Amino acid sequence: MTRAIRFERVGGPEVLQLQTVELPPPAAGEATIRHAAIGLNFIDVYHRTGLYPLPLPSGIGLEAAGVVEAVGEGVTEVAVGDRVAYAGGPVGAYAEARNLPAHRLLRLPDEIFFDTAAAMMLQGLTAAYLLRRTYRVQPGDAVLIHAAAGGVGLIACQWARALGATVIGTVGSPAKAELARAHGCQHVIDYSREDFAARVREITGGEGVAVVYDGVGKDTFAGSLDSLRPLGMMVSYGNASGPVPPVDLIQLSQKGSLFITRPTLMSYTARREDLLALGDELFAVVADGRVRIEVHQRYALADAAHAHRDLEARRTTGSTIFLP
């Protein structure tokens, strides 16, 4: 048996309940992971509210780090005693221990601790595919990163700066502006006070940015399109403010033959070789200090509902973890 957060109906944070559940031996191709730390991400809210529906009742959570306790038949990717981390499905990371397909696990380098790994896997792998696959940032590119003081934002700002880009970020408060500046963001725009698209044009001398990384959604989408240079790419990877409304494709031609994509981490890591490649890139920039991972909030697993309330109220910055 083990303890895990479950929910039987969609709704507010109150639907999250700590329960004792059965943990069977790992099946063929699976490994049992004893969690040392678990990550909190906004996609967990989407699952809890039903924006991204799950079969109910369900567990919740998509990333964690810990130690392999047992392996099922045929497992070659990991061994008992390995320090590992993961991000992505199947859901159920909010648990003391769980079974997972072994091919979704990444061995951790010795330089990366469990708290760091749990705080960075989903957000870090997201930043990795955004910056290195969806639009491959080049030296000299100007990029716009929304929610620059959020978990993905802080990683992406540091990484983009290390790649030689001019990094423009948006935030919602002066405190978050300082945090973004401390993590590689050269130009910070408070979108609660300024027209961010106009400021982007000013910063770039009227040209616009090569790419916008937008995890906010509805509130920033129109301005994001207006921030792009001709042939620029709009990367809409999240809906923190709500889903983006339907898009009239003629806008893309009118604004300079723009590109738009709605990527997901699962698509970019569906093949193990792609997962390993992105993981290697992420571990390298963290291990050598080009990207710093800072855990700003820690909650007990039993306090999952409280953590969700803080996340939705935008009272959190950077990365947040649960300690089982």
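The following exercises, each with a worked solution, concern a predicted model of a single chain.

**Exercise 1. Overall dimensions**

Determine whether the radius of gyration of the chain agrees with that of a compact globule.

*Solution.* Begin with the chain length of 324 residues, for which a compact globule would have a radius of gyration near 20 Å. The chain itself has 20 Å, which agrees with that expectation. Next, consider the box filled by the C-alpha atoms, which along the principal axes is roughly 60 × 40 × 35 Å. Then turn to burial, where residues under 20% relative accessible area count as buried; such residues make up 53% of the 324 in the chain. Finally, take the contacts between residues at least 6 apart in sequence, of which 68% join residues at least 24 apart. The secondary structure of the chain comprises 10 helices and 16 strands.

**Exercise 2. The six-stranded sheet**

Work out the strand order of the open sheet of six strands, and state which strands stand at its edges.

*Solution.* The order is β11-β10-β9-β12-β13-β14, and the pairing is parallel. The edge strands are β11 (187–190) and β14, each of which pairs on one side only. Neighbouring strands of this sheet are turned against each other by 15° on average, with direction ignored.

To place individual residues, start with β12 (residues 209–214) and β13 (residues 228–236), which pair in the parallel sense over five bridges. Val211 stands opposite Met233 in β13, and Asp214 stands opposite Ser236 in β13. Moving to the next pair, β13 and β14 (residues 259–261) are joined in the parallel sense over three bridges, with Val235 opposite Thr261 in β14.

**Exercise 3. Helices associated with this sheet**

Identify the handedness of the β-α-β unit made by β12, α6 and β13, and describe how helices α2 and α4 are placed.

*Solution.* The unit formed by β12, helix α6 (residues 221–226) and β13 is right-handed. Helix α2 (residues 114–134) packs on the sheet and touches β12, β13 and β14, while its direction makes about 150° with that of β13. Helix α4 (residues 174–181), for its part, lies across β10 (166–171) and β11, and runs at about 165° to β11.

**Exercise 4. Helix α3**

Check the span of helix α3 against the value expected at 1.5 Å a residue, and then explain why this helix is described as largely enclosed.

*Solution.* Helix α3 covers residues 151–162, and its 12 residues should span 16 Å. Its end C-alpha atoms are 17 Å apart, which agrees. For the second part, count the buried residues: 10 of the 12 are buried, so the helix is largely enclosed by the rest of the structure. The buried residues of α3 are Gly151, Val152, Gly153, Leu154, Ile155, Ala156, Cys157, Gln158, Trp159 and Ala160. Just after α3, Gly164 takes a positive phi of about 95°.

**Exercise 5. The three-stranded sheet**

Give the strand order and the sense of pairing in the open sheet of three strands, and say what follows for the strands at its edges.

*Solution.* The strands are ordered β2-β1-β4, and the pairing is antiparallel. At the edges stand β2 (17–21) and β4 (58–59), each with a single partner strand, so one side of each is left without a neighbour in the sheet. Strand β1 (residues 2–7) and β4 pair in the antiparallel sense over two bridges, and the bridge partner of Arg6 in β4 is Gly59.

Notes. Residues numbered from 1 in each chain as written. Predicted model: local features only at pLDDT ≥ 70, side-chain atom pairs only at ≥ 80, totals over all residues. Heavy atoms only, no water. Helix = DSSP H or I, 4+ residues; strand = E, 2+ residues; numbered from the N terminus. Expected span 1.5 Å × (residues − 1). Buried < 20%, exposed > 50% of the residue type's maximum accessible area, 1.4 Å probe, protein only. Pairing = 2+ DSSP bridges. Right-handed = clockwise from strand over helix to strand, strands pointing away. Axes fitted to C-alpha atoms, helices over the stretch in contact; angles between N-to-C directions. Contact = heavy atoms within 4.5 Å. Rg over C-alpha atoms; globule rule 2.2 N^0.38 Å.
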